[in-house]
Amino acid sequence: MKRFKLSRRAFLGGAGALLALPALEMFSPKNAKAEPNDLKRILAFYVPNGIHMPAWTPTTEGEQYTLPTILEPLAPVRDKLLVLSGLANTPARPDGPGDHAAGTAGFLTCRHVIKTEGANIKNGISMDQVAAAHLGQFTRIPSLQLGIDGGSSAGDCDSGYSCAYARNISWASETQPLPKAVNPQVVWDILFGGFDPKATAEEQERQKIYRTSVLDYVLEEANALNGKLGTTDRRKLDEYMTGVSELEKKIQKTGSGPQCTPMNRPPGDLPYPEHVLMMLDLIALAVQCDATRVVSFMLGNAGSGRSYPFLLVNEGHHEISHHQNLDTNYEKLTTIDRWEVEQFAYLLGKLQAIDEGNGVSALDTSAVFFSSEIEDGNAHRHTNLPVLVGGSLGGTFKPGRHVVVPDETPLANLFISMLQGAGVPTTTFGDNGTGPLANL
């Protein structure tokens, strides 16, 4: 088949558009604004390779539980935290090998995905995108998809499972994963649309005209390609063009920039620990500016083999997670898992510090979901998942407790509770959601 190429100018402009706003057809026009007391936010925080559960799980239930070793960093926000034990995501079990990719694909969808490394991927809409279809009407950006590790969605990433499953947790539809932004500079540009708080009104208008002209050029070249592509490529191009068109609308809405004070544009290349903190700072800034009320964040891709020399752990995480019941591996996993929880605690602390008036913080109006694609990295179980929820979602939940639910209670039921608390009228979700989770 003959290959056609876009120009460098179109490629650069298009790449920026695609990162800034994936195609999300379900979003309604931004024609409403919520009152402050109606603020609700949904955030999701993914960590790879499971958790060392003996050092994670509290030994008692209720309000008087003690934080175990891995959860100790959460002590400052303990009263704003739910620890949930017993939840399972059984639809995320793979067909044969492939627990990491299948589990990650189902992380927010609670769907059993088709095992393929080709273009015929099939998952389901993710919980965050169901929330964004409702909450996105109140903000300039319906949702943000962020992470640390990038990579293409093409190819085989885990025993015959597509990289689309292993590298994305947000899905706009059964066939459309939403790629995450991993460069802090790109995220800053998404949040502020190139807005320079020091620029004059004339300079801001000139920037807007320039960005619009680049998008017009991209759309012109894409339209020229349309008649030369096969069915699959035309579908992908249609999705892409929708994203560009939506971005153009957002540029026109940007006006003089967000009604908050942005941080300086961050560096694009940072050492790993600083990279993580910068991305979390940007999430908190997005919340503070009310740029979006829905965020998903991946601390790593499925089956991440990252090493942690700054923690004196030089082996790869995935390798260590196959611990073989060795105490030395348990110690290293506990070190990694505790550090991951420290990052989650940092984000919750940032949200807690955002004052929204009347003694209410941004953490109080949020539900921040934390978990992994599997329970134990050696057994690859999808039951008794490590689950935390930070915040009360505006009083929807009663935090400050360890809640144990019956074994294999669907994780989808927690998502139903979160969606209902955010104002989404739903009683089902995923492959096995049966209704809202009791005792929250």
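**Notes on the packing of helix H3 and its surroundings**

1. A good place to begin is helix H3, whose buried residues pack against S1, strand S3 (144-147), strand S6 (171-173), strand S8 (294-298) and helix H11 (411-421). Please keep in mind while reading that this is a predicted model. The buried residues in question are Met127, Asp128, Gln129, Val130, Ala131, Ala132 and Leu135. With seven of its nine residues buried, H3 is largely enclosed by the rest of the structure.

2. Now the chain as a whole. Eleven helices and eleven strands make up its list of secondary structure elements. Of its 440 residues, 57% count as buried. The accessible surface comes to about 18,000 Å², and carbon and sulfur atoms account for 51% of that. If you take the contacts between residues at least 6 apart in sequence, 74% of them join residues at least 24 apart.

3. Just ahead of H3 is a residue you may want to look up, Cys110. Where is Cys110 found? Cys110 belongs to the loop between helix H2 (99-105) and helix H3 (127-135). Its relative accessible area is 0%, so Cys110 is buried. Setting aside residues up to four places away in sequence, Cys110 touches Asn89, Pro91, Leu411, Ala412, Phe415, Phe429, Gly430 and Asp431. Cys110 also lies 7.9 Å from Ser126, C-alpha to C-alpha, with their positions 16 residues apart in sequence.

4. The aromatic residues deserve a look too, since the structure holds 18 aromatic pairs. One of these pairs is Tyr46 with Phe107: the ring centres are 5.0 Å apart and the planes stand at 90°, so the pair is edge-to-face. This pair links distant parts of the chain, with Tyr46 in strand S1 (residues 41-47) and Phe107 in the loop between H2 and H3, 61 residues apart. Tyr46 is buried at a relative accessible area of 0%, and Phe107 counts as buried at 2%.

5. How are the rings of Trp56 and Phe370 arranged, stacked or edge-to-face? Their centres are 5.9 Å apart and their planes lie at 20°, so this pair is stacked. Here, too, distant parts of the chain are linked: Trp56 is in the loop between S1 and strand S2 (81-88), Phe370 is in strand S9 (residues 366-372), and 314 residues separate them. Both Trp56 and Phe370 are buried. They also belong to one aromatic cluster, together with Phe45, Phe297 and Phe344.

6. Two arginines place their charge over a tyrosine ring. The charged end of Arg78 sits over the ring of Tyr65, at 4.2 Å from the ring centre. In the other case, the charged end of Arg306 sits over the ring of Tyr272, at 3.7 Å from the ring centre.

7. Next comes a helix pair. The axes of helix H5 (residues 184-192) and H8 come within 10 Å of each other and cross at roughly 5°. Angles under 35 degrees count as roughly parallel, and H5 and H8 are therefore roughly parallel to each other. On the H5 side, the contact is made by Pro184, Val187, Trp188, Leu191 and Phe192. On the H8 side, His275, Met278, Met279, Leu282, Leu285 and Ala286 take part.

8. Staying with helix H8 (residues 272-288), let us turn to Ala284, which is found in it. Is Ala284 buried or exposed? Its relative accessibility is 4%, so Ala284 counts as buried. Apart from its neighbours within four places in sequence, Ala284 is in contact with Lys350, Leu351 and Ile354. Gly349 is 65 residues from Ala284 in sequence, and their C-alpha atoms are 9.5 Å apart.

9. Finally, two backbone angles to check. Asn49 has a phi near 75°, which is a positive value in a residue other than glycine. Asn49 sits in the loop between S1 and S2 and counts as buried, at 2% relative accessibility. Leu312 also has a positive phi, near 65°, and again the residue is other than glycine. Leu312 lies in the loop between S8 and helix H9 (317-321), and with a relative accessible area of 75%, Leu312 is exposed.

Conventions. Residues numbered from 1 in each chain as written. Predicted model: local features only at pLDDT ≥ 70, side-chain atom pairs only at ≥ 80, totals over all residues. Heavy atoms only, no water. Helix = DSSP H or I, 4+ residues; strand = E, 2+ residues; numbered from the N terminus. Buried < 20%, exposed > 50% of the residue type's maximum accessible area, 1.4 Å probe, protein only. Contact = heavy atoms within 4.5 Å. Areas by Shrake-Rupley, 256 points an atom, 1.4 Å probe, with all protein chains shown as cover. Phe/Tyr/Trp six-rings, centres within 6.5 Å; stacked < 30°, edge-to-face > 60°. Lys NZ or Arg CZ within 6 Å of the ring centre and 35° of its normal. Axes fitted to C-alpha atoms, helices over the stretch in contact; angles between N-to-C directions. Parallel < 35°, antiparallel > 145°, perpendicular 65-115°, else oblique.
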